[in-house]
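Subject: Structure handover

Hello,

Here is the structure we talked about handing over. Please open it alongside this email.

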Amino acid sequence: MASEASDLDWKWQIANRITTRHQLEEHIRLEEEERAAFDAGIPFSFAITPYYAARLVHPALRRTVVPTIREGKAMTGELADPLGEENHRVTPELIHTYPDKVLFLATTFCSTYCRYCTRSRMVGKPTAAARGPYEDTFRYIEEHESIRDVLVSGGDPLVMTDAVIDGLLGRLRSIPHVRTIRIGSKVPAVLPMRITEELCAILRRHQAWLSLHFIHPAELAPETRDACRRLSDHGIGMVSQTVLLKGVNDDVETLTDLFYGLLEINVKPYYLLQCDPVKGSAHFRTAVGKGIELIRALHGRISGLAIPQYVIDAPGGGGKVPLLGNEQIRRDGEEIVIINHEGKEFRYPDPTGSGA
Ligand SMILES: *Cc1c(COP(=O)(O)O)cnc(C)c1O
């Protein structure tokens, strides 16, 4: 069963990804808005693992990975690079925004592409596909002793081979001032067979934490639960990040079910992220007021252990700002003005007509 997950299984999944309209139509009957997206040409990378494609009967999951014509529409305030990462890029794959921690974009490849991806500008782009050997990045981290936490992300680093992951983590661990290593991944949800005993042993050896991406309780299928249990059995620390998505998970019941479900498999809900104003994401974004309402409702209701922190990533590179109430935000016309940890103001597009 689960413990027999092998390299053959996940490599088969990658080799047989759904990347065309024709392949997608073998799994689902396309709706008008989805068909129109393929007719018009999809602006961002598209791929779904056969494993995840088999779960698309669930409308919430379908919405997050199947393109619709709406992603071709750029709205006011939307940006290709909403977090201003390019301004903080210090090597070809390193983003340095905060003193203590860096974001290491080790690959641009994902097994499955989310339609609301904050890095839709770069993920799955063939030009940037095979990165490495990362020498500039390792040297930068070595030369900056203030860096104690390295978040390896992408793309999805867990789709790299065992040898590459082992080498990368080993090199980071050889830097004495690096104390924490995290890997950001959606693999347990979209490619759970990737979580082999060998991979678990590598993560364990380098004491890497996992920062996982889950958006809906329907993702917590037996295969995914087994994958997380294998990781947990190896002593891997796991947290989850959930993007708040309109019509997918923007209600108390869905979030409650997801967060309790994650705790059951030893994954601590860490962040509930306001959806970044990335180009073509308007149909996914909830009003900020709605997010505050939801997190307040959770605080008054469920286990504190199950409650993540609701954060908005300040557009333009201001960093993550936790939101609890109205103290740190005010409205200015069609925008929300938010105050970050430095007392600086940033603007988030939030049309008054979008409903709270
Ligand atoms: C989110 C992020 C991190 C990690 O932030 P935490 O709040 O510590 O999880 C680091 N660097 C960048 C650029 C980020 O966007």
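Below are the findings, grouped by topic.

Please keep in mind that this is a predicted model.

Salt bridges

The structure holds 30 salt bridges. Three pairs that link distant parts of the chain are worked through here, followed by a network.

Start with Glu 34 and Arg 62. Their closest N and O atoms are 2.7 Å apart. Glu 34 sits in helix H3 (residues 32–40). Arg 62 sits in helix H5 (residues 59–65). The two residues are 28 residues apart, and the pair links distant parts of the chain. Glu 34 and Arg 62 are both buried.

Next come Asp 162 and Arg 194. Their side chains form a salt bridge, with 2.6 Å from N to O. Asp 162 belongs to helix H7 (residues 162–173). Arg 194 lies in the loop between helix H8 (187–190) and H9. Here 32 residues separate the partners in sequence, so this too is a link between distant parts of the chain. Are these two side chains buried or exposed? Asp 162 counts as buried because its relative accessibility is 16%, and buried means under 20%. Arg 194 also counts as buried, at 0% relative accessibility.

The third pair is Asp 332 with Arg 347. The salt bridge between their side chains spans 2.9 Å, N to O. It links strand S11 (residues 329–332), which holds Asp 332, to strand S13 (residues 345–349), which holds Arg 347. The partners are 15 residues apart. Asp 332 is partly exposed, with a relative accessible area of 36%. Arg 347 counts as partly exposed as well, at 39% relative accessibility.

Then there is the network. Which residues does it link? Salt bridges connect Asp 81, Glu 85, Glu 86, Arg 89, Arg 119 and Arg 121.

Negative patch

Asp 7, Asp 9, Glu 197, Glu 198 and Asp 233 form a negative patch on the surface. Helix H1 (7–15) and helix H9 (197–205) are the elements that give two or more residues to the patch. Asp 7 is found in helix H1. The relative accessible area of Asp 7 is 31%, so Asp 7 is partly exposed.

A buried leucine

Leu 212 is placed in strand S6 (residues 208–213). Leu 212 counts as buried because its relative accessibility is 0%. What does Leu 212 touch, leaving out residues up to four places away in sequence? The contacts are Ser 185, Pro 188, Cys 228, Met 238, Val 239, Ser 240, Gln 241 and Val 267. For a distance across the fold, take Leu 105: Leu 212 and Leu 105 are 15 Å apart, C-alpha to C-alpha. In sequence, 107 residues separate Leu 212 from Leu 105.

A loop methionine

Where is Met 75? Met 75 lies in the loop between H5 and strand S1 (89–91). Met 75 is partly exposed, with a relative accessible area of 43%. Met 75 and Arg 63 are twelve residues apart along the chain. Their C-alpha atoms are separated by 19 Å.

Best wishes

Methods:
Residues are numbered from 1 along each chain as its sequence is written. This is a predicted model: local features need pLDDT of at least 70, side-chain atom pairs count only at pLDDT 80 or more; totals for chains, interfaces and linings use all residues. Side-chain values use heavy atoms; hydrogens and water are left out. Patches are made of residues with over 30% relative accessible area and no salt bridge: like charges are joined within 9 Å, nonpolar side chains (Val, Leu, Ile, Met, Phe, Trp, Tyr) within 5 Å. Accessible areas come from the Shrake-Rupley method with a 1.4 Å probe; for residues, only the protein chains shown count as cover. A salt bridge is a side-chain nitrogen of Lys or Arg within 4 Å of a carboxyl oxygen of Asp or Glu. Lys and Arg count as positive and Asp and Glu as negative; His and the chain ends are not counted. The place of a charge is taken as NZ of Lys, CZ of Arg, CG of Asp or CD of Glu. Helices (H or I, at least four residues) and strands (E, at least two) are DSSP runs, numbered from the N terminus. Buried means under 20% relative accessible area, exposed over 50%, partly exposed in between (1.4 Å probe, protein chains only). Contact means heavy atoms within 4.5 Å.
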